[in-house]
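Welcome! Here is a short briefing to read alongside the sequence and the 3D view. Please take a look at both before going on.

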Amino acid sequence: MKIMNDIYIWVRDHRVHHKFVDTDADPHNIQRGFFFAHMGWLLCKKHPDVIEKGKTVDMSDILADPIANFQRKYFKSLVFLVSFVIPTLFGVYVLEESLVMSFCFLVMARYVISLHATWTVNSLAHYTGYQTFDASQEARENLLVSILTSGEGWHNYHHVFPWDYSTSELGYYYNLTKLFIDLMAKIGQAYDLRSATTVQIDRKKLQGDGFHRWYTVKRLHED
């Protein structure tokens with residue numbers, strides 16, 4: 001676990017980010033600088049607009065989900081067990097490392113590295129890369145972020161098609177997240193998956209920064 005708040009808080013902040021992206025109501029607004037988007041937003045009080053607009057986001061589906069409620073209720077206990085106890089004991093009894101070394105590397109170092117890798121989605125993927133589908137917003141396609149986060153770096157696509165579970169038009173290309181969800185779907189643990197059509201994707205590319213635009217216009221003309 002990356003210990004990034006319980007599922008209710010995470011989903012609420014993510015929905016507010018999408019709905020009010022690049023404004024003061026965006027919790028990690030890239031317009032306030034790279035550091036702020038990366039981790040600064042967690043080190044200061046929330047902008048009043050974030051609090052106000054956050055109250056307008058519908059969270060009824062999360063509140064009605066029994067698994068989400070279980071995770072929220074026992075969040076601290078789960079964090080202590082899964083993120084601290086189990087990795088430390090794994091290091092001691094499986095890797096035969098000392099208690100201190102196991103805690104420092106399998107808990108704290110892993111935690112810091114995974115946090116900063118995840119935060120690049122808010123910072124680096126809103127700072128540099130292609131705006132293939134919508135040049136009017138700062139979310140970008142960034143291969144490095146996708147490598148660091150198992151597929152979350154195709155961010156311009158994700159903001160244009162937030163309901164597409166794959167978060168990318170590129171299939172499994174640097175996207176282990178899509179692979180995991182597809183495997184869960186095969187055993188019935190993921191369902192109602194939605195994807196953008198080729199026509200929808202190509203039409204949005206015409207509003208992008210020009211990357212792939214010639215190919216898109218050619219394909220739409222042929223269709």
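Let us begin with one residue: apart from neighbours within four places in sequence, Lys53 is in contact (heavy atoms within 4.5 Å) with Phe20 and Ala25. The model is a predicted one, in which local features need pLDDT of at least 70 and side-chain atom pairs count only at pLDDT 80 or more, while totals for chains, interfaces and linings use all residues. Residues are numbered from 1 along each chain as its sequence is written, and side-chain values use heavy atoms, with hydrogens and water left out.

**More on Lys53**

- Lys53 is found in helix H3, residues 48–54; helices (H or I, at least four residues) and strands (E, at least two) are DSSP runs, numbered from the N terminus.
- Lys53 counts as partly exposed, at 30% relative accessibility; buried means under 20% relative accessible area, exposed over 50%, and partly exposed in between, with a 1.4 Å probe and protein chains only.
- Between the C-alpha atoms of Lys53 and Ile7 there are 19 Å, and the two residues are 46 residues apart along the chain.

**The whole chain**

- The protein chain has twelve helices and zero strands, so read from the N terminus its elements run α-α-α-α-α-α-α-α-α-α-α-α.
- Taken along the principal axes, the C-alpha atoms fill a box of roughly 65 × 40 × 35 Å.
- Of the 223 residues in the protein chain, 39% are buried.
- Looking at contacts between residues at least 6 apart in sequence, 53% join residues at least 24 apart.
- The accessible surface comes to about 13300 Å² (Shrake-Rupley method, 1.4 Å probe; for residues, only the protein chains shown count as cover), and 63% of that surface belongs to carbon and sulfur atoms.
- There are 23 positive and 24 negative side chains, and the centres of the two sets lie 4 Å apart.
- In that count, Lys and Arg are positive and Asp and Glu negative, with His and the chain ends not counted; the place of a charge is NZ of Lys, CZ of Arg, CG of Asp or CD of Glu.

**What the UniProt record adds**

- An unreviewed UniProt entry carries the annotation "domain: Fatty acid desaturase" for residues 6–171; UniProt positions are given in the numbering used here, feature names are shortened, and annotations may be inferred rather than shown by experiment.
- Over residues 6–171 the chain is 54% helix and 0% strand, with the end C-alpha atoms 29 Å apart.
- The unreviewed UniProt entry also has the annotation "transmembrane region", covering residues 74–94.
- That span of residues 74–94 is 90% helix and 0% strand, and its end C-alpha atoms lie 27 Å apart.

**Helix H10 and its two sides**

- Which residues of helix H10 (residues 176–186) are buried? They are Lys178, Ile181 and Asp182.
- These buried residues sit on the same side of H10, because they cover an arc of only 100 degrees around the axis, the arc being that of the directions from the helix axis to the C-beta atoms.
- As general background, an α-helix has 3.6 residues a turn, so residues three or four places apart point the same way.
- Leu176 and Phe180, on the other side of H10, are exposed.

**Positive phi angles**

- Most residues other than glycine have a negative phi.
- Glu96 is not a glycine, yet has a positive phi of about 60 degrees; Glu96 is found in the loop between helix H6 (75–93) and H7 and counts as exposed at 69% relative accessibility.
- Asp192, also not a glycine, has a positive phi of about 55 degrees; Asp192 lies in the loop between H10 and helix H11 (198–205) and is exposed, at 69% relative accessibility.
- Gly188, just after H10, takes a positive phi of about 85 degrees.

**Two more loop residues**

- Thr120 lies in the loop between helix H7 (99–119) and helix H8 (143–149). Is Thr120 buried or exposed? Thr120 is buried, with a relative accessible area of 10%.
- Beyond neighbours within four places in sequence, Thr120 is in contact with His38, Ala125, Val145, Leu148 and Thr149.
- The C-alpha atoms of Thr120 and Leu148 are separated by 8.3 Å, and the two are 28 residues apart along the chain.
- Gln207 has its place in the loop between H11 and helix H12 (213–222) and is partly exposed, with a relative accessible area of 44%.
- Gln207 and Lys45 are 35 Å apart in space, C-alpha to C-alpha, and 162 residues apart in sequence.
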